[in-house]
Amino acid sequence: MEKRKYTHIKIIEPKLIAMRKAGKTNREIAECFGLEIRQIENWINRYHREQARLAAGLPPKRRGRPSKHPAPTSIQAYQYEIERLKIENKLSRDFLQSTERM
């Protein structure tokens, strides 16, 4: 069984982008760098996803395992969380008053 070949595709990414803009096919790009066509296709899909996220104004995806308790990232998220907690407190207070525990 042949050992799996790993290529740091981020290193050759500028060349890949230039070749794509020049109109080269996936097969031509793969042969040029000694890669498999599937590797090029996967890179193209990842690249387009990343560019779409950036165009939409979203931050790039973080690498690694997500934290157990992700913190809200924007002021709007904080405001939403505050409103949610206020509603939850009001519901709890109303319930306790209706059961005459408060």
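## Helix α4

How far does helix α4 reach from its first C-alpha to its last? In this predicted model, the answer is 35 Å, close to the 34 Å expected at 1.5 Å a residue. The helix covers residues 75-98, so to speak a run of 24 residues.

Just past the end of α4 there's a backbone detail to look at: Glu 100 takes a positive phi of about 60°.

## How α1 and α2 pack

Now for the helix pair nearer the start of the numbering. Helix α1 spans residues 13-21 and helix α2 spans residues 26-33. They pack at an angle of about 145°, and their axes sit 10 Å apart. The crossing of the two is right-handed.

Who's doing the touching? On the α1 side the contact comes from Lys 15, Leu 16, Met 19 and Arg 20, while α2 brings Asn 26, Ile 29, Cys 32 and Phe 33. Sorted by class, that contact of α1 with α2 has 5 nonpolar residues, 1 polar and 2 charged.

## The largest pocket

If you're after a place to look for space, the largest pocket holds about 930 Å³. It's lined by 25 residues, and the closest to its centre are Tyr 6, Ile 9, Lys 10, Trp 43 and Arg 46.

Which helix gives the most to this lining? That's α3 (residues 37-55), with 9 residues. As for chemistry, the lining of the largest pocket splits into 14 charged, 6 nonpolar and 5 polar residues.

Terms used
Residues are numbered from 1 along each chain as its sequence is written. This is a predicted model: local features need pLDDT of at least 70, side-chain atom pairs count only at pLDDT 80 or more; totals for chains, interfaces and linings use all residues. Side-chain values use heavy atoms; hydrogens and water are left out. Axes are lines fitted to C-alpha atoms, for helices over the stretch in contact, and angles run from 0 to 180 degrees between N-to-C directions. Helices (H or I, at least four residues) and strands (E, at least two) are DSSP runs, numbered from the N terminus. A crossing is left-handed if the near helix is turned anticlockwise from the far one by less than a right angle, and right-handed if clockwise. Contact means heavy atoms within 4.5 Å. Ala, Val, Leu, Ile, Met, Phe, Trp, Tyr, Cys and Pro count as nonpolar, Asp, Glu, Lys and Arg as charged, and the others, Gly among them, as polar. The expected span of a helix is 1.5 Å times one less than its number of residues. On a 1 Å grid over the protein atoms alone, a cavity is a set of points where a 1.4 Å probe fits but cannot get out, and a pocket is an open set with protein on both sides within 12 Å along at least five of seven lines; lining residues have an atom within 4 Å of a point. Grid points are joined across faces, edges and corners, and a volume is the space filled by probe spheres set on the points.
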